[in-house]
Amino acid sequence: MSEAPQTLEAEEDLTALEEEGDIAADYLEELLDIADIDGDIDIEIRNNRTYLLVLTEDGDNEDLETLVGQHGEVLDSLQELVRLSVLAATGNRSRLILDIAHYRANRIKRLTTMAEEAISTVKETGEDFHLEPLGAYERKLVHDLVAENGLFSESEGEGSRRHIVISLSED
C-alpha cells in the first residue's frame, strides 16, 4: 500500500520539474529575443533536477558564448536569474542547471580530469592537494568523485577563494 503514495509523489515531483523547465524556457526565450540571439532550448529532467541547454541549430555558438562570459560568470548569473523567475512563478526554489553551448558539460569533463589527476597525486605522495577555487556545484561534483575514490575532501576558504583540499584521510 505504500507504493501508491510514492508513485503519486514521484509523479507530482516530475510534473513540478516539467513546469519548472517550461517556466525557465519561456524566460530564456524572452531573454534571447531581447538580446537578438538565436538559440534553441532543450529541457531534460534527470536525477530529480531540471537541466536546460541552449544551443544553435547550425552549431555556430559565437553569439551564445557571450552569454557564458569569462569563466562562466555570465552563465552563473543567468542561471540565478532563471531560478528567480521560477521562484517568482511557483513560489518554490529551483535547483535547475543551465548550460549554454555545452560550457558546463565541457567544464565537468575538465574538472573530472583535474580531480582524477589530483587524486592520483595524493595517492602517490600521501600529501594534501589544494585545487583551484570552484563554485558550489563544481565543488559538489569533485567531492563526490573524491569520495568514490576512497579519499577525503573538504572545502576551505571564503567566497571566491573557496576551494577543495584532497587528502588520504579525515585527520
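**Exercise 1. The crossing of helix 4 and helix 5**

Determine which hand the crossing of helix 4 and helix 5 has in this predicted model, and describe how the two helices meet.

Solution.

Step 1. Find the two elements: helix 4 covers residues 103-125 and helix 5 covers residues 136-148.

Step 2. Look at the axes. They come within 10 Å of each other and cross at roughly 45°.

Step 3. Classify the angle. Angles of 65 to 115 degrees count as roughly perpendicular and those under 35 degrees as roughly parallel; helix 4 and helix 5 are therefore oblique to each other.

Step 4. Assign the hand: the crossing of helix 4 and helix 5 is right-handed.

Step 5. List the residues that touch. On the side of helix 4 they are Arg107, Ile108, Leu111, Thr112, Ala115, Glu116 and Ile119. On the side of helix 5 they are Tyr137, Glu138, Leu141, Val142, Leu145 and Val146.

Step 6. Sort this contact by class: 9 residues are nonpolar, 1 is polar and 3 are charged.

**Exercise 2. The nonpolar cores**

Find out how many residues the largest nonpolar core has, and which elements each supply at least two of them.

Solution.

Step 1. Recall a general tendency: in soluble globular proteins, nonpolar side chains tend to be buried together.

Step 2. Count the members. The largest nonpolar core has 21 residues. Leu52, Val54, Leu64, Leu98 and Ile100 have the most contacts inside this core.

Step 3. Trace the core to its elements. At least two residues each come from helix 1 (3-35), strand 2 (49-55), helix 3 (73-90) and strand 3 (97-100). Helix 1 gives the most, with 5 residues.

Step 4. Take one member and follow its contacts, leaving aside neighbours within four places in sequence. Val54 then touches Leu28, Leu32, Gly39, Asp40, Ile41, Leu64, Leu98, Asp99, Ile100 and Ala101.

Step 5. Check for another core. A second, separate one has 14 residues, among them Leu134, Val142, Leu151 and Ile166. Val142 also belongs to the helix 5 side of the contact in Exercise 1.

**Exercise 3. Three loop residues**

For His71, His102 and Gly159, state where each lies and whether each is buried, partly exposed or exposed.

Solution.

Step 1. Start with His71, which lies in the loop between helix 2 (62-65) and helix 3. Exposed means over 50% relative accessible area; at 62% relative accessibility, His71 therefore counts as exposed.

Step 2. Go on to His102, in the loop between strand 3 and helix 4. Its relative accessibility is 35%, so His102 counts as partly exposed.

Step 3. Compare the backbone with the general rule: most residues other than glycine have a negative phi. His71 has a positive phi of about 60°, and the phi of His102 is near 60°, also positive.

Step 4. Finish with Gly159, in the loop between strand 5 (152-156) and strand 6 (163-167). A relative accessible area of 62% makes Gly159 exposed. From Gly159 to Ala35 there are 124 residues in sequence and 30 Å in space, C-alpha to C-alpha.

**Exercise 4. The whole chain**

Describe the protein chain by its elements, its box and its contacts.

Solution.

Step 1. Count the elements: the chain has 5 helices and 6 strands, in the order α-β-β-α-α-β-α-β-α-β-β.

Step 2. Give the extent. The C-alpha atoms fill a box of roughly 55 × 50 × 30 Å along the principal axes.

Step 3. State the burial: 35% of the 171 residues count as buried.

Step 4. Consider contacts between residues at least 6 apart in sequence; 55% of these join residues at least 24 apart.

Technical notes. Residues numbered from 1 in each chain as written. Predicted model: local features only at pLDDT ≥ 70, side-chain atom pairs only at ≥ 80, totals over all residues. Heavy atoms only, no water. Axes fitted to C-alpha atoms, helices over the stretch in contact; angles between N-to-C directions. Helix = DSSP H or I, 4+ residues; strand = E, 2+ residues; numbered from the N terminus. Parallel < 35°, antiparallel > 145°, perpendicular 65-115°, else oblique. Left-handed = near helix turned anticlockwise from the far one by under 90°. Contact = heavy atoms within 4.5 Å. Nonpolar A, V, L, I, M, F, W, Y, C, P; charged D, E, K, R; others polar. Core = buried A, V, L, I, M, F, W, Y, C linked by side-chain atoms within 4.5 Å. Buried < 20%, exposed > 50% of the residue type's maximum accessible area, 1.4 Å probe, protein only.
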